[in-house]
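User: I'd like to learn how to read a few features in a structure, one at a time. Could you walk me through them?

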Amino acid sequence: WSALDQVPGIRTAWVARPGEASPLPRAARAGDVRYRFGGQSLGVDDYLARRRVTGLLVLKDGEIVLERYQYGRTGASLFRSASMAKSVTSLLVGAALARGKIGSLDDSAGQYVPALAGSPYGETRLRDLLRMSSGLTFTERYDGRDDVARLSRAVATGQPSVPEVLASVRERHAPPGARFVYASAETEVLGRVLTAATGQTLAQLTSQWLWQPMGAEQDAFWCTARDGQAAAYFCFNASLRDWGRLGLLLAQDGRIGEQQLVPREYLLEATDAARQPPAFAPQRATPYFGYGYQFWLHPLHSRSFAMQGVHGQAVFVQPESGIVMVQTAVYEGASGVLDPLAYAERTAFWMGVLEALGGQTRRY
């Protein structure tokens, strides 16, 4: 990853780890995970052989029950998050809210980011940005010709600038807050709100508010745009075990030891399907997932949610059972629409993990 420093238009901002990592002990017995898919009973080795998974980690009550790597990756590797970064951005919003840096989720983005004042995104409430429900039309097809490609080119080249691209999005498909439509631009706006509200970079905030107090074992990094702003929607990178520690923080409702790093009430609003407006509930926002504050919500009776990235990355969390699963991957298809079998098998494997470790699998 250090080679990214040499790629034109791509810069890195490092997130410092603490002097001592928090323990992540190995369980006395590894879980015997089995799952059913395509009429077959399969195991961990089958799963890894069938899908392009680079790293796989399963935690139960803070202990490692499974840790595997493929394709030359190791425990020292830093894995790209793609859109799992969106959930990290959401955690920083919650932490900023608790510290009074952000006054209210009902504030508009333009109250914090002068470059967006008067634009449709600038007039959108932070709550609606968190739910990706601005109602603005931003295309995300992963074909190189959509709006997210235009935004990413602005990150890399600065021509036009990222704020100019964001301010150019003006057409509406729905009133704000009415429906979920996936749009990476909404997270990028939130990232710029965070830096404007705090006067610090996303790398500094991530280190101070998450990485150091949770006891990460390795430095992480954000990629940054030409203007020095971290790309909040896709560009956070960390080791597999540190992704696991982040999942453990979520499983413990934002608490590590005696420290509440992210407000519990904010996390419940972000990740509890029962707290979402009907349009954002599982099997309503999408055919399977619901959507909270930059988190995907499983249609299970026990609160279960995920961070997800393009090409298969995910952190799945079920707080009641204390189970966390981290997967890094390089799926050929960018999404479940483009590669449905790979994503369906990942869900089936997660159900197998829950069953093996005493989690709750009852669906709506």
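Analyst: Let's begin with burial: a residue is called buried when its relative accessible area is under 20%, exposed when it is over 50%, and partly exposed in between. This is a predicted model. Take D128: its relative accessibility is 4%, so D128 counts as buried.

User: Does D128 have a charged partner, and which residue does its side chain meet in a salt bridge?

Analyst: The general idea is that side chains of opposite charge can pair when their charged atoms come close. Here the partner is R125, with 3.1 Å from N to O. R125 has 32% relative accessibility, so it is partly exposed, whereas D128 is buried.

User: How many salt bridges does a search of the whole structure find?

Analyst: The search turns up 23. One pair to look at is R127 with D106, whose side chains meet at 3.1 Å, N to O. That pair ties together distant parts of the chain: R127 sits in helix α3, D106 in the loop between α2 and α3, and they are 21 residues apart. R127 counts as buried because its relative accessibility is 19%. D106, at 38%, is partly exposed.

User: And how exposed are R141 and D143, buried or partly exposed?

Analyst: Both fall in the in-between class: R141 has a relative accessible area of 45%, so it is partly exposed, and D143 is partly exposed at 28%. Their side chains form a salt bridge at 2.9 Å, N to O. Salt bridges can also join up into a network, and here one links R26, E67, E217, R241, D242 and R245.

User: Let's go for something uncharged. Where is T124 found?

Analyst: T124 lies in the loop between α2 (84-98) and α3 (126-130). With a relative accessible area of 2%, T124 is buried. Next, check what its side chain can reach: it comes to 2.8 Å from the backbone oxygen of P120. Then look for contacts beyond the sequence neighbours within four places; for T124 these are D107, S108, A109, L129, S134, L136 and R172.

User: How do I read a helix, say α6, and how far does α6 reach from its first C-alpha to its last?

Analyst: Compare the end-to-end span with the expected one. Helix α6 (residues 184-198) has 15 residues and reaches 22 Å, close to the 21 Å expected at 1.5 Å a residue. Then check its cover: 14 of the 15 residues are buried, and α6 is mostly covered. Finally, look just past the end, where G199 takes a positive phi of about 75°.

User: What is M214 in contact with, leaving aside its neighbours within four places in sequence?

Analyst: The list is S22, D242, R245, L246, I256 and L261. D242 and R245 are also part of the salt-bridge network. M214 itself belongs to helix α7 (residues 202-214), and its 2% relative accessibility means it counts as buried. For separation in sequence against separation in space, try M214 and A16: 198 residues apart along the chain, 12 Å apart from C-alpha to C-alpha.

User: Last one, the surface. Which residues make the nonpolar surface patch?

Analyst: Y142, V337 and L338 make it, covering about 330 Å². V337 is in the loop between β15 (323-329) and α10 (340-356). Since its relative accessibility is 75%, V337 counts as exposed.

Definitions and conventions. Residues numbered from 1 in each chain as written. Predicted model: local features only at pLDDT ≥ 70, side-chain atom pairs only at ≥ 80, totals over all residues. Heavy atoms only, no water. Helix = DSSP H or I, 4+ residues; strand = E, 2+ residues; numbered from the N terminus. Buried < 20%, exposed > 50% of the residue type's maximum accessible area, 1.4 Å probe, protein only. Polar contact = N/O pair within 3.5 Å; in protein donor to acceptor, adjacent residues only side chain to side chain. Contact = heavy atoms within 4.5 Å. Patch = residues over 30% accessible without salt bridge, like charges linked within 9 Å, V, L, I, M, F, W, Y side chains within 5 Å. Areas by Shrake-Rupley, 256 points an atom, 1.4 Å probe, with all protein chains shown as cover. Salt bridge = Lys/Arg side-chain N within 4 Å of Asp/Glu carboxyl O. Expected span 1.5 Å × (residues − 1).
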